[in-house]
Number of protein chains: 2
Amino acid sequence: MPGEDKQRRATIHDVARAAGVSAATVSKVLRGVASVRSENAQRVREAVRELDYRMDPLAAGLRHEQRRIIGAVVPDLESPFFGALVTGLERAAEEAGYHMIVASSRESEERESDLVARMADWRVAGTILVPVRSERGEGATRMRELGMQAVLVDRASADDDFDTVTADNSEASAKVADLLIGQGHRHILLHGATRISKAVRTRLDGFTERAQTLDPQVRIDTLLSDDDPETQRGAVRTYFDGHTGAERPTAVFSLSQHSTLLVLSELRRRGLRIPQDVELVGFDDADWMQTTWPSITAVAQPVAAMAERAVSVLLERIEGGNKGAPTSHLEPCTMLVRESAGQMNDPSRQYERGG
Amino acid sequence: MPGEDKQRRATIHDVARAAGVSAATVSKVLRGVASVRSENAQRVREAVRELDYRMDPLAAGLRHEQRRIIGAVVPDLESPFFGALVTGLERAAEEAGYHMIVASSRESEERESDLVARMADWRVAGTILVPVRSERGEGATRMRELGMQAVLVDRASADDDFDTVTADNSEASAKVADLLIGQGHRHILLHGATRISKAVRTRLDGFTERAQTLDPQVRIDTLLSDDDPETQRGAVRTYFDGHTGAERPTAVFSLSQHSTLLVLSELRRRGLRIPQDVELVGFDDADWMQTTWPSITAVAQPVAAMAERAVSVLLERIEGGNKGAPTSHLEPCTMLVRESAGQMNDPSRQYERGG
DNA sequence: CATGGAGAGTAAACCGATTTATTTCTCGAT
DNA sequence: ATCGAGAAATAAATCGGTTTACTCTCCATG
């Protein structure tokens with residue numbers, strides 16, 4: 001059974017003794033400081049190999065103000081989007097020689113604030129926060145109070161205190177407006193599964209603004225329900241109950257993956273055909289969307305680019321002496337036009353569906 | 001800008017000074033040790049509030065052999081299944097007063113071994129490992145060498161060194177066999193998106209054994225492709241190219257979520273109707289499966305139960321003195337019969353489709 | 001030849017907690 | 001008043017590293 005032959009792990013002092021030098025010298029060798037005779041350095045490296053020595057990363061950072069750790073707080077670990085984001089963050093952080101610790105706020109602002117404080121307890125060098133709400137939420141506020149080094153990702157907009165990295169939600173949503181208005185739609189439903197996320201609000205605004213520029217007459221209904229799944233389902237159902245026949249929108253733009261699934265489910269339940277009766281565009285792509293029938297037109301977020309950017313911006317602050325005003329980065333999205341919307345660009349159909 | 005008013009955080013000594021007691025006494029109060037005069041305890045608590053003191057959890061554990069941290073290593077953070085698992089693990093660990101650090105091996109055994117060693121560097125109290133391969137993989141081997149305390153989850157079977165917690169893959173797959181054989185299917189394709197995962201192999205064996213018990217004549221094709229997505233897609237395509245007409249299987253059992261998506265995609269591409277031409281059952285449920293059309297019959301894994309069990313088993317080892325032989329826990333799955341298979345239990349159809 | 005500066009090495013302090021070993025306090029019994 | 005036992009408090013050691021401050025050599029320079 002494991003745990004029985006537990007001879008204590010070798011420490012830096014054991015290595016020092018084995019190599020016949022002091023612990024300070026071993027420390028120098030390990031961190032690549034130059035002023036060590038190559039003969040001694042060699043002996044140290046041998047001792048390390050001999051004893052199977054591995055440094056304790058926590059003890060190593062104890063004397064410093066901050067440790068070589070980057071904290072990450074995301075609202076949710078069950079969604080593939082944040083999963084991919086975290087994977088990217090982890091890779092980038094490790095490449096830079098940092099450890100990464102991840103925690104999920106589970107869409108709770110209170111927990112978010114707790115987790116942020118916990119990151120400070122761990123003396124992380126910096127934190128990457130995907131806020132539950134926005135740069136004005138509890139987590140960001142707490143970080144300001146604690147004077148933490150951080151980057152806000154995804155659900156935030158430009159901020160006076162923190163660098164931000166987001167998908168270009170506004171531009172991508174405007175492109176969706178181009179597509180749908182271009183197809184002749186003049187009555188469109190915007191659906192969001194949460195009203196508090198900054199990203200969702202930006203998508204909504206980006207779409208609305210462009211759509212109204214293209215045609216001031218366009219009718220846009222918005223439905224932002226709260227987080228309880230059943231309430232949301234009910235709200236969608238009620239909406240469609242009240243908008244039948246000529247009142248029914250001819251297209252839906254769902255503002256999150258969750259939202260897309262919800263809308264899809266309700267459209268199916270009512271027997272509405274996609275795209276013939278209603279066209280559907282979703283923000284945030286998922287692997288099933290290209291396989292389901294009809295396949296779903298969606299905006300794909302540049303998750304890898306966001307992760308990489310977030311870490312590089314944070315490292316610049318940490319290692320570059322925290323100088324310069326906070327920056328704000330928008331990473332471009334990609335639109336994947338599939339069967340559920342945008343493929344019938346036959347002009348004749350535009351009149352058919354228009355107004 | 002944050003980071004400017006960085007007065008150093010209060011330490012336990014600051015609190016001691018403010019309360020007019022020694023650091024040792026503060027430590028006692030903080031950990032709830034009884035032998036402190038209530039008057040002093042009160043003063044300490046006030047000082048803590050006054051100075052906004054928060055303990056450094058890492059320094060706190062420095063003197064102990066192990067720290068109050070549980071490590072988790074999973075093969076993948078982008079899949080909702082492991083995402084949900086990690087969320088559950090995190091919750092359970094925190095409830096027990098442990099911190100949790102998560103890392104993704106990204107389906108690489110080499111990285112898995114590295115991560116396991118890194119967990120040991122962090123002096124975690126215990127580790128929860130979802131192996132890339134199985135209890136014989138590199139991660140588990142490394143843990144044995146290092147004498148670590150650990151629980152193996154999901155892709156493992158009973159082991160001499162470690163407790164294991166898995167879904168009851170065998171029983172659930174047998175139930176799928178009951179369903180498909182009961183529906184009259186006598187030619188079934190089993191598809192897995194990875195051959196090295198222990199869970200996938202167990203599902204395959206569980207199905208095959210039951211199916212052959214029910215009808216020794218049954219024809220079962222198995223297709224376990226390797227991990228490169230394009231290779232897999234090609235393998236499926238080739239299989240169906242070579243099995244048309246009477247040679248085509250009447251049902252497919254896909255052994256993982258990835259696999260389900262892959263098979264679904266290929267069936268659609270060929271214009272095969274589900275379930276009329278081919279029935280489909282997938283192992284591992286996903287939210288889109290009940291919304292897509294046709295909705296997909298799937299085996300839902302008891303992810304919350306697995307997470308909770310894994311942590312409680314690990315804590316029992318850690319805090320219960322590591323006594324008793326390693327245990328092996330099977331959590332029951334649920335079958336969600338939807339449109340893609342199992343709904344046509346009209347006996348007359350059995351003959352139609354049989355043999 | 002004295003001086004000084006660079007290079008190499010190390011003892012000891014330090015980081016922020018816990019634990020041990022010891023001292024001090026309290027109070028009742030003799 | 002004295003003693004002793006147990007409770008409460010604390011100084012100091014400890015964990016495993018890093019950093020500081022100091023020593024010691026060696027060699028070039030005035």
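**Exercise 1. Which residue in strand 5 of chain B does B:Val153 stand opposite?**

Solution. This is a predicted model, in which local features need pLDDT of at least 70 and side-chain atom pairs count only at pLDDT 80 or more, whereas totals for chains, interfaces and linings use all residues. Residues are numbered from 1 along each chain as its sequence is written, and chains are lettered from A and ligands numbered from 1 in the order in which they are written.

Begin with the pairing: strand 4 and strand 5 of chain B pair in the parallel sense over three bridges, where strands are DSSP runs (E, at least two residues) numbered from the N terminus, as are helices (H or I, at least four), and two strands pair if DSSP finds at least two bridges between them. Within this pairing, B:Val153 stands opposite B:Val165.

**Exercise 2. Place strand 5 of chain B in its sheet and decide whether it is buried or exposed.**

Solution. First, six strands of chain B form an open sheet in the order 2-1-3-4-5-11, with parallel pairing. The edge strands, each pairing on one side only, are strand 2 (99-104) and strand 11 (328-331) of chain B. Next, strand 5 of chain B is joined to strand 11 by four bridges, and the two run parallel; here B:Thr164 has B:Ser328 as its bridge partner.

Then consider burial (a residue is buried if 20 or more other C-beta atoms, placed from the backbone, lie within 10 Å of its own, exposed if 12 or fewer, and partly exposed in between). Five of the five residues of strand 5 (residues 163-167) of chain B are buried, so this strand is largely enclosed by the rest of the structure. In a regular strand the side chains alternate between the two faces of the sheet. Accordingly, B:Asp163, B:Val165 and B:Ala167 lie on one side and B:Thr164 and B:Thr166 on the other, and both faces are covered.

**Exercise 3. Which residues have the most contacts inside the largest nonpolar core?**

Solution. A nonpolar core is a set of buried Ala, Val, Leu, Ile, Met, Phe, Trp, Tyr and Cys residues joined through C-beta atoms within 7 Å. The largest has 178 residues, and those with the most contacts inside it are A:Leu89, A:Ala310, B:Leu89 and B:Ala310. Leaving aside neighbours within four places in sequence, B:Ala310 is in contact (C-beta atoms, placed from the backbone, within 7 Å) with B:Leu89, B:Ile128, B:Val151, B:Val153 and B:Val165. The last two of these are the residues that stand opposite each other in Exercise 1.

Methods:
Contact = placed C-beta atoms within 7 Å.
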